[in-house]
Amino acid sequence: MRQTWRWFGPQDLTSIDDMRQAGVEGVVSALHHVATGTVWTPEEIALRQAQIGRMKDGAPSHLKWEVVESLPVSEDIKRQTGDWKTHINHWKTSLTNLSRAGIEVVCYNFMPVLDWTRTDLAWRLDSGATCMRFDLIDFAAFDIYILQRADAAQSFPDDVVEAARERFDSMSEERREQLAANVVFGLPGTAETFSLADVRQHLAQYDNISAEKLRSHLFDFLSEVAPLAEELGVRICCHPDDPPFPLLGLPRIMSTESDYRQMIEAVNIPASGITLCTGSLGTRRDNDLPGMMQRLGDRVHFLHLRNVVIEEPGNYGSFYEAGHLEGGTDMVAMIAAILAEERRRKAAGRKDWQLPIRPDHGQDILDDLGRKGQPGYPSIGRLKGLAELRGIMTALEHPSFARDA
């Protein structure tokens, strides 16, 4: 397992030096400043590689940009409107430029409008740590009473609608504004300045796009880009919906094992595969994550390892991001399944036998609490998560255990 860490560029409060001291082996990054739908040029790619390659004092970091997360897929491509064909060509050119720079793993997602959704970005736990959380009642209050989406109340059970009304009535104006800002934080671009009118406009553009149609658009996209990825020796991998259940009336197509199996079978090219995120998929109890790794592992190209606690008795609902060894996913079983897949690949002579993983998200603890870094990406919280995951990996790979695996 290749231990990687996400880095948002020079403005990231976590530095290259921090990653070296954390024992990170490779870097996951993206050109977030480049507009979606445009080409990632060789010059911009080389600049990011140079930034990753040096520590603050100019010494070599011995780290490389190993995984792209994400090469964004434009809304035009997802809807097949406007400049979608040009955007696909630009995506293919960017993929070629990344390949020529030596980068072999490219993550992307096909979530419409929202990249991810939370109602709290710093929810306080009993320990004093903070984490990201999705509260179904708060979200319903936003959807019905703040966004005022047409027919929003029909998207929720009656008891949730009533609880949302009571919750909204009890909210201060400050909390209502904060809730709206938290929900739209997952929108692409400068989410902090998105207005509710902007959100409504984005949603309206999907009024006539069903899950079936969006899925067909994904398959059309993959039919264009996957053959090129195979030719270049680049592995592209689709991230699941976050959270993996319907929100705001938008279609969801990457939420279950069945969804991924349909994607693999529709465009059955080895270069096209899966970003298996245990945090996103883990917010549904019907997703068997170690089992998914065992059954779909041949097409897993990248992994996010984190854990969540589902707070409702049903299949999904409110949840918060737990410590990496807490929550509903058996991380020991998950890592054992990953290591088994790596052994299988190595025995088969696959060059991609070692899978890149990263400790996804983390709770804000200790000095993280005052640092105000990127939500979900604290330095110390992720270091703790990586250390916990590394401990499991080390134990399971120890000769006394590996002999029996």
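Me: In this predicted model, helices α5 and α7 are roughly perpendicular to each other. At what angle do their axes cross?

Reply: Angles run from 0 to 180 degrees between N-to-C directions of axes, lines fitted to C-alpha atoms, for helices over the stretch in contact; 65 to 115 degrees counts as roughly perpendicular, under 35 as roughly parallel, over 145 as roughly antiparallel and the rest as oblique. Here the axes of α5 (residues 136-146) and α7 (residues 173-184) cross at roughly 100° and come within 10 Å. Helices (H or I, at least four residues) and strands (E, at least two) are DSSP runs, numbered from the N terminus.

Me: Which residues of α5 and α7 meet?

Reply: Contact means heavy atoms within 4.5 Å. From α5, D138, F139, F142 and I146 meet R175, R176, L179, A180 and V183 of α7. This contact has six nonpolar (Ala, Val, Leu, Ile, Met, Phe, Trp, Tyr, Cys, Pro), three charged (Asp, Glu, Lys, Arg) and no polar residues (the others, Gly among them).

Me: In what order do the four strands of the open sheet lie?

Reply: Two strands pair if DSSP finds at least two bridges between them. The order is β5-β6-β11-β10, with antiparallel pairing. β5 (120-124) and β10 (307-310) are the edge strands, each pairing on one side only. Neighbouring strands are turned by 40° against each other on average, direction ignored.

Me: How many bridges join β10 to β11?

Reply: Four bridges join them; one partnership is V308 with E321 of β11. Three bridges join β5 to β6 (residues 130-134), where R124 has T130 as its partner. Two join β6 to β11 (residues 319-322), and R133 is partnered by Y320.

Me: How should the model be read?

Reply: Local features need pLDDT of at least 70 and side-chain atom pairs 80 or more, while totals for chains, interfaces and linings use all residues. Residues are numbered from 1 along each chain as its sequence is written, and side-chain values use heavy atoms, without hydrogens and water.
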